[in-house]
Amino acid sequence: MEQDLSNYRKSYEKSELLLDTAPENPMELFQKWFYEVDKFFNEDETNAMTISTIGLDGFPKSRVVLLKRFTYEGFIFYTNYNSEKGKAIAHMPNVCLSFFWHGAERQIIIKGKAEKIAENLSDGYFESRPRGSQLGALVSNQSEVVTDRDYLEQKLLKLEKAFEGKEIPRPSHWGGYIVKPIEIEFWQGRPNRLHDRIRYELQNDYSWLINRLSP
C-alpha cells in the first residue's frame, strides 16, 4: 500500500511569537497560551498532552495523558505506577511532554524529569474523581494483557458490590507525577514555514536562558 501525501499543505497565519515580548519565566508564557487556547480556540481537550518515555526495552514510546495541574515547579498528571509508562519513568525519569493546539497553530515541547508527588496530594485528587473513575483505577492493571473485555466488566461489577455505600480508597499503585522542566520550546506557526521558535533553558542559578531558534 502506498499513498502520496506531498500535496498536504497548510498556511499558518494566526499569530506571532516575538523574543522581545517573551516573559523571563516560561511558565508564565505557558499559562498565557493555555488560557488563550482554552478560551478562544476550538480545542476538545486543551490539557491533552503527549508524554514520551524511554522503555525498559530501550525504545521511546509516546502516548496522550491529561495535564491536571501546572505550577512554577512543573506539570502534574496521574497514572498507574505499575503501567508501562510508570515502569519506564522508574527506570529513566527523563521524559518529554508536548502539546499541539491545531486551532491556535501552536506547539510546546517540554524536556524534564518526572517524579512522584506527595501521597496526600494524590489522595486529594483521587477523592475528587468520579466514583466510576475511582473504580476504574482498581479494575485496571494498566498495560497488562487481559483475555477479553468481559473480564474487566465482571471485575468492575464485583468491586461495585464490594464498595457499595463505602468510600473507595486510592490504590497505592496509582498517583501523580510532576514533570519538572529543564527546557521548554514554544512554537508558533507562521507563513512560508518561517515559524517562530523560542527556547527556554534552565540554568544552574534557576534562571532561564532564552533564545530564538531557526524554524
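Here are some short exercises, with worked solutions, on the predicted model above.

**Exercise 1. Work out what span helix H1 should have, and compare that with its end C-alpha atoms.**

Solution. Start with the range: H1 runs over residues 26-40, which makes 15 residues. The expected span is 1.5 Å times one less than the number of residues. That gives 21 Å, and the end C-alpha atoms are 21 Å apart, so the two agree. Now look at how H1 begins. Asn25 caps the N-terminal end, with a side-chain oxygen 2.9 Å from the backbone nitrogen of Met27. As for burial, Pro26, Met27, Leu29, Phe30, Trp33, Phe34, Glu36 and Val37 are the buried residues to mark on H1.

**Exercise 2. Find which residues of helix H2 are buried, and say why they count as being on the same side.**

Solution. Take residues 84-91 and pick out the buried ones: Lys85, Gly86, Ala88 and Ile89. Next, check their directions around the axis: they cover an arc of only 160 degrees, which puts them on the same side of H2. The background is simple: an α-helix has 3.6 residues a turn, so residues three or four places apart point the same way. Then turn the helix round: Ala90 and His91 are exposed on the other side. Last, ask what the buried residues pack against. The partners are strands S1 (48-54), S2 (60-66), S4 (75-80), S5 (94-101), S6 (106-116) and S7 (174-188).

**Exercise 3. Describe the largest nonpolar core and where its residues come from.**

Solution. First, its size and its hubs: the core has 31 residues, and those with the most contacts inside it are Phe30, Phe75, Phe77, Phe99, Trp101, Ile108 and Phe186. Next, the suppliers: H1, S1, S4, S5, S6, S7 and strand S8 (196-202) each give at least two residues. H1 has the largest share, with six. Now zoom in on Phe30. Leaving aside neighbours within four places in sequence, Phe30 touches Leu67, Phe70, Phe75, Phe99, Trp101, Ile108 and Phe186. Don't stop there, though: a second, separate core of 14 residues includes Ile76, Tyr125, Ala137 and Leu138.

**Exercise 4. Glu105 and Tyr206 both have positive phi. Decide whether each one is buried or exposed.**

Solution. Take Glu105 to begin with. Its phi is near 60 degrees, a positive value in a residue other than glycine, and it sits in the loop between S5 and S6. The cut-off for buried is under 20% relative accessible area. Glu105 comes in at 2% relative accessibility, so it counts as buried. Now Tyr206: phi is about 70 degrees, again positive and again not a glycine. Tyr206 lies in the loop between S8 and strand S9 (208-213). Exposed means over 50%. With 68% relative accessibility, Tyr206 therefore counts as exposed.

**Exercise 5. Place Asn80 in the fold and list what surrounds it.**

Solution. Asn80 belongs to strand S4. At 4% relative accessibility, it counts as buried. Its side chain reaches the backbone oxygen of Ser140 at 3.5 Å. Beyond neighbours within four places in sequence, the contacts of Asn80 are Gly86, Ser140, Gln142, His173 and Trp174.

**Exercise 6. Which residues does UniProt list for the dimerisation C-terminal domain, and what is the span made of?**

Solution. The unreviewed UniProt entry lists residues 174-215 for "domain: Pyridoxine 5'-phosphate oxidase dimerisation C-terminal". In the model, that span is 0% helix and 67% strand, and its end C-alpha atoms lie 40 Å apart.

How values were computed. Residues are numbered from 1 along each chain as its sequence is written. This is a predicted model: local features need pLDDT of at least 70, side-chain atom pairs count only at pLDDT 80 or more; totals for chains, interfaces and linings use all residues. Side-chain values use heavy atoms; hydrogens and water are left out. Helices (H or I, at least four residues) and strands (E, at least two) are DSSP runs, numbered from the N terminus. Buried means under 20% relative accessible area, exposed over 50%, partly exposed in between (1.4 Å probe, protein chains only). A polar contact is a pair of N or O atoms within 3.5 Å; within protein, one must be able to donate a hydrogen and the other to accept it, and residues adjacent in sequence count only if both atoms are side-chain atoms. The arc is that of the directions from the helix axis to the C-beta atoms. Contact means heavy atoms within 4.5 Å. A nonpolar core is a set of buried Ala, Val, Leu, Ile, Met, Phe, Trp, Tyr and Cys residues joined through side-chain atoms within 4.5 Å. UniProt positions are given in the numbering used here, feature names are shortened, and annotations may be inferred rather than shown by experiment.
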